[in-house]
Amino acid sequence: MNAAANNPVRLERAEHGIDPMLVDQHGVEVVSRLQQEGFSAYLVGGCVRDLLLEHQPKDFDVATNATPEEVKALFRRSRLVGRRFRIAHVRVGRELIEVSTFRSNTSAKQSDDRSHSDEGMILRDNVYGTLEEDAFRRDFTINALYYDPTSETVVDYVGGLEDLKHRRLRFIGDTATRLREDPVRALRAIRFQAKIGFTLDTEITRLLPEAASAMSAIPPARLFDEMLKLLLSGYGERAWRLLADCPLSVVLFPNTAPDDPLIRQAMQNTDERIAEDKPITPGFMIAVLLWKDYQARVRDHESTVKPAEARFLAAAETLAAQQQVIAVPRRFSQFVRDVWSLQERLVERRPRNITRLAENPRFRAGYDFLLLRGETGEDVVEPGEWWTRYQQVDPEEREKMVGALTGRTPRRRRQKKKTAPQSPDSLECP
Ligand code: ATP
Ligand code: MG
């Protein structure tokens, strides 16, 4: 069943066994519409791979010979996105279907629509091509399978079906070239290894360090997106372990110790939350990943400035250092600062601040973070338990709990505050 160029393997329904119930009707609608207009169109990529593995696909992508402009003209609720890689986003019901035009990966075709850097990295990729060319420009063989829902046929130009059968992750073509064209493919290799548990081709494993060192050429905004897909898709714990085994975690998070138990525990909790369909936020994960670096910087500054200022400076520096590699959008970096800044106050529990703390919009995240620290060996178990109880009891009991704290508050601190005109807390978020 070897797939050769020009001679793809085609499987009919009885041979591939895709369950039509797992196929998203919105994706099918887009494909049918394009076909009715005389275009060629298929479901492609991760969704076909997942259907063949009998997993429910996360999203459905479409590939077609219609140009992005033609797709846009055909679907009212559509828009064109991306410069490096222009595609159409088509809305059907609540679903967003990505429709990409067949592209070619012939390196000879250097033009306005396609460009490489001196290192062979693809900078722009908008040269359109045939279905076959489109298959060969994809990353892994198992990601280059096409499914026509109308005829219920699977088309394979690259040996993807064989690799699926043997649970192998292999690039199409020469591994070194494919990694040089786009080092992010190394992260994708880790992602699919974590997600579907396939074995990495030995050549990929061998070249991971080289790809890792090329990662600095990738725009930090793209790395943020990739990081989310890697760590917040339900298999973050496995993905982190795999990243930590090769130099990739160090490249992405230069100031993070890969074996920090806080990270492992947070990844595990996040995976569980995703499995239970509970909401998750990238901010929490970033707060976890950078926590130890932040703490170290706080300690450094504490020898020269007041504690609140030390925390303020440390947070700014920790985030700025990380932003060099991965662009964390402002709303998430603010979340990180808020969660960190709450830690001290949740531990200290000044009686007059308790109600305000409990009503802080970030209380839940700050409290979860505190528990996580306690669970992974930091000396904050007692305040964590205190806050757990505080949330469980009635208002009368709460008052008693706060009353019991009063006796324990060091007077010295209060007196000192009277003489200081500006509260150090004003440097932190409310
Ligand atoms: P998931 O199910 O996690 O979304 P996916 O395989 O669909 O996995 P996407 O990032 O959605 O991954 O990409 C869709 C398809 O586009 C891939 O299956 C692959 O064929 C192609 N692709 C994506 N990124 C690259 C890349 N960097 N190089 C080559 N092909 C790529
Ligand atoms: Mg996808």
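**Exercise 1.** Determine which side-chain contacts Arg 191 and Arg 188 make with ligand 1 in this predicted model.

*Solution.* Start with Arg 191, where a polar side-chain atom lies 2.5 Å from an oxygen atom of ligand 1, a polar contact being a pair of N or O atoms within 3.5 Å. Continue with Arg 188, which places a polar side-chain atom 2.9 Å from an oxygen atom of ligand 1. The protein covers 86% of the 590 Å² of accessible area that ligand 1 has on its own, by the Shrake-Rupley method with a 1.4 Å probe.

Residues are numbered from 1 along each chain as its sequence is written, and ligands are numbered from 1 in the order in which they are written. Local features need pLDDT of at least 70, side-chain atom pairs count only at pLDDT 80 or more, and side-chain values use heavy atoms, without hydrogens and water.

**Exercise 2.** Describe the shell around ligand 1 by class, helix and domain.

*Solution.* By class, the shell has 1 nonpolar, 3 polar and 15 charged residues, where Asp, Glu, Lys and Arg count as charged. Among the helices, H8 (184–196) supplies at least two shell residues and in fact gives the most, with 5 residues. Finally, domain 1 (1–166) and domain 2 (175–280) both contribute residues to this shell, so ligand 1 lies between them.

Terms used:
Polar contact = N/O pair within 3.5 Å; in protein donor to acceptor, adjacent residues only side chain to side chain. Helix = DSSP H or I, 4+ residues; strand = E, 2+ residues; numbered from the N terminus. Domains from an automatic or database assignment.
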